[in-house]
Amino acid sequence: MSMVSSSVVIPLNPTFILGNPSGDLDSTVSALALASLSPTAVPVMNYNRDELRLKPDVTRCLTELNLIDCEGVCFLDDFASYLSSLPPSSPPPYSVTLVDHNAVSFTSYVPPPSLHPRVTSIIDHHSDAGQHLQASPRVIKTTGSCATLVWDDAMGPTIRRALAVAILVDTGM
């Protein structure tokens, strides 16, 4: 295990569940739901920690459902710190699952070339960008919310409530 901040713990050989850069509720709860399925999965909010305050719908849902302690969540800046702490000469000991997007986006913290070969699976509801064709599973189905694609695998009533909220918000029901 390694620490990237005072409260974010990264297990050995992690799979990072990387939500989309918008960091909306759908992306957030879908990443959390997928990460809850494996002890080595780490949900990554694809924005910096200080940007969480700009997402009141996300913080309200997570707080009201007592879903997570946001201090222990891995954000993009934490993820970048982890990547920069890895020795450059050894093969990276992690994989990436993209959720709510199907192509790695550029950020000033984590440039795409470093992540492209690490993408091992995708679950998304947007148009297929035709990248990461080796990913398996590679689930890309047009639907109102990515949360609908992770619903069947979601564990526990709290995660399912959060997914339901995301589905309702994304589909305008």
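In this predicted model, a convenient place to begin is Ser38, which sits in the loop between helix 1 and strand 4. With a relative accessibility of 28%, Ser38 counts as partly exposed, because that class takes in the values between under 20%, called buried, and over 50%, called exposed. Although Ser38 and Pro14 are 24 residues apart along the chain, their C-alpha atoms are separated by 9.6 Å.

From this loop the reader can turn to the sheet. It is an open sheet of 6 strands, arranged in the order 5-4-3-6-7-8 with parallel pairing. At its edges are strand 5, residues 74–75, and strand 8, residues 138–140, each of which pairs on one side only. Within the sheet, strand 3 (residues 15–18) and strand 6 (residues 95–99) run parallel and are joined by 4 bridges; to follow one pairing by eye, start at Thr15, whose bridge partner in strand 6 is Ser95. Helix 1 packs on the sheet, where it touches strand 3, strand 4, strand 6 and strand 7 (119–124), and the direction of helix 1 makes about 170° with that of strand 4.

Helix 1 also has a helical neighbour. Helix 1 and helix 2 pack with their axes 9 Å apart and at an angle of about 40°, which means that helix 1 is oblique to helix 2. On the side of helix 1 the contact is made by Leu25, Thr28, Val29 and Leu32, while helix 2 contributes Asp57, Val58, Cys61 and Leu62. Sorted by character, the residues of this contact comprise 6 nonpolar, 1 polar and 1 charged.

What, then, lies in the interior? In soluble globular proteins, nonpolar side chains tend to be buried together. Here the largest nonpolar core has 30 residues, and those with the most contacts inside it are Ile17, Val29, Met45 and Leu163. At least two residues of this core come from each of helix 1 (25–35), strand 4 (41–45), helix 2 (56–64), helix 5 (147–150) and helix 6 (157–171), and the largest share, 7 residues, is supplied by helix 1. Val29 offers a close view of this packing: leaving aside residues up to four places away in sequence, Val29 touches Leu62, Ala162, Leu163 and Ala166. Apart from this core lies another one, of 20 residues, which includes Leu18, Leu86, Leu115 and Ala135.

Key:
Residues numbered from 1 in each chain as written. Predicted model: local features only at pLDDT ≥ 70, side-chain atom pairs only at ≥ 80, totals over all residues. Heavy atoms only, no water. Core = buried A, V, L, I, M, F, W, Y, C linked by side-chain atoms within 4.5 Å. Buried < 20%, exposed > 50% of the residue type's maximum accessible area, 1.4 Å probe, protein only. Contact = heavy atoms within 4.5 Å. Axes fitted to C-alpha atoms, helices over the stretch in contact; angles between N-to-C directions. Parallel < 35°, antiparallel > 145°, perpendicular 65-115°, else oblique. Nonpolar A, V, L, I, M, F, W, Y, C, P; charged D, E, K, R; others polar. Pairing = 2+ DSSP bridges.
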